[in-house]
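Subject: Structure for you to look at

Hello,

Here is the structure I said I would pass on. My notes on the sheet and on one of the pockets follow below it.

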Amino acid sequence: MTERGGQERRAYRLFVVADQTALAKEAAKRCARIAKETIARAGRFTIALSGGSTPKLLYSLLASEPYSSRLPWQETHVFWGDERAVPPGDPDSNFGMAKATLLDRVPIPADRVHRMQAERDDLDLSAREYEAEIASVFAVPPTGDPPSFDLILLGLGPDGHTASLFPHTQAIRESARWVVPNHVPTLKTDRVTLTAPILNRAATVLFLVTGADKASALQAVLEGPSDPER
């Protein structure tokens, strides 16, 4: 384990493991520990899930023993860090992936699952309603400072994006709203995403990064100059 940090960046710990299976196991242990500690302290656990291919194995592990019977599903609120502009049943849906690999396999109450409705025509309205839903669960005003999730899972794209904060897109520059729509010209698509203000408020953010195609992006994030636009 190597711990790194600096004045301009939040301190972080970097864990290097052998392969994707080891990554999923390490992440599952950490998710379970954070959930247990948070429930003991606060009586509930709030988590925002990531999409993409990397967390699939993690979700499958959490839905299996020994985690499925130990995690506090009744006291857990599940959100998402971002969503593609597709219906929930679409193969590209982040919600759909998490539902199939995790949520359908554990006893979590339906009213504890808070999905982004990114299939709607008005994505700005969807984003504002998601802000309102977050505010309601955390019992805070939707126009004030963002609340603090107990855990946010994130990934990293080969282009350096995380959640749906893609390089040189409008959502990167958001400094007040917690959730916004984001057009991604390079992919010719639209997304809904949590923004830096609320991502940075989380008690813990866990990035899961695998694959040689992401090595240079990861190196630039950890060792390069600060460049949020990129």
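Two strands are taken as paired if DSSP finds at least two bridges between them. The model is a predicted one. In it, strand β3, residues 45–49, pairs with β4 in the parallel sense, over five bridges. One of the residues involved is Phe45, whose bridge partner in β4 is Thr76.

Helix α4, residues 123–138, packs on the sheet and touches both β3 and β4. The direction of α4 makes about 160 degrees with that of β4.

As for the sheet itself, it is open and has four strands, in the order β4-β3-β6-β9, with parallel pairing. The edges are β4 (76–80) and β9 (205–207); each has a single partner strand, so one side of each is left without a neighbour in the sheet. From one strand to the next, the twist averages 20 degrees.

Then the pocket. Which residues are the closest to the centre of the second largest pocket? They are Gly51, Gly52, Gly155, Leu156 and His161, out of 23 residues that line this pocket. Its volume is about 360 Å³. Two elements, β5 (82–84) and β6 (151–154), give two or more residues to the lining. Strand β6 also belongs to the open sheet, where it stands between β3 and β9 in the strand order. By class, the lining of the second largest pocket consists of nine nonpolar, ten polar and four charged residues.

Regards

Notes: Residues are numbered from 1 along each chain as its sequence is written. This is a predicted model: local features need pLDDT of at least 70, side-chain atom pairs count only at pLDDT 80 or more; totals for chains, interfaces and linings use all residues. Side-chain values use heavy atoms; hydrogens and water are left out. Axes are lines fitted to C-alpha atoms, for helices over the stretch in contact, and angles run from 0 to 180 degrees between N-to-C directions. Contact means heavy atoms within 4.5 Å. On a 1 Å grid over the protein atoms alone, a cavity is a set of points where a 1.4 Å probe fits but cannot get out, and a pocket is an open set with protein on both sides within 12 Å along at least five of seven lines; lining residues have an atom within 4 Å of a point. Grid points are joined across faces, edges and corners, and a volume is the space filled by probe spheres set on the points. Ala, Val, Leu, Ile, Met, Phe, Trp, Tyr, Cys and Pro count as nonpolar, Asp, Glu, Lys and Arg as charged, and the others, Gly among them, as polar.
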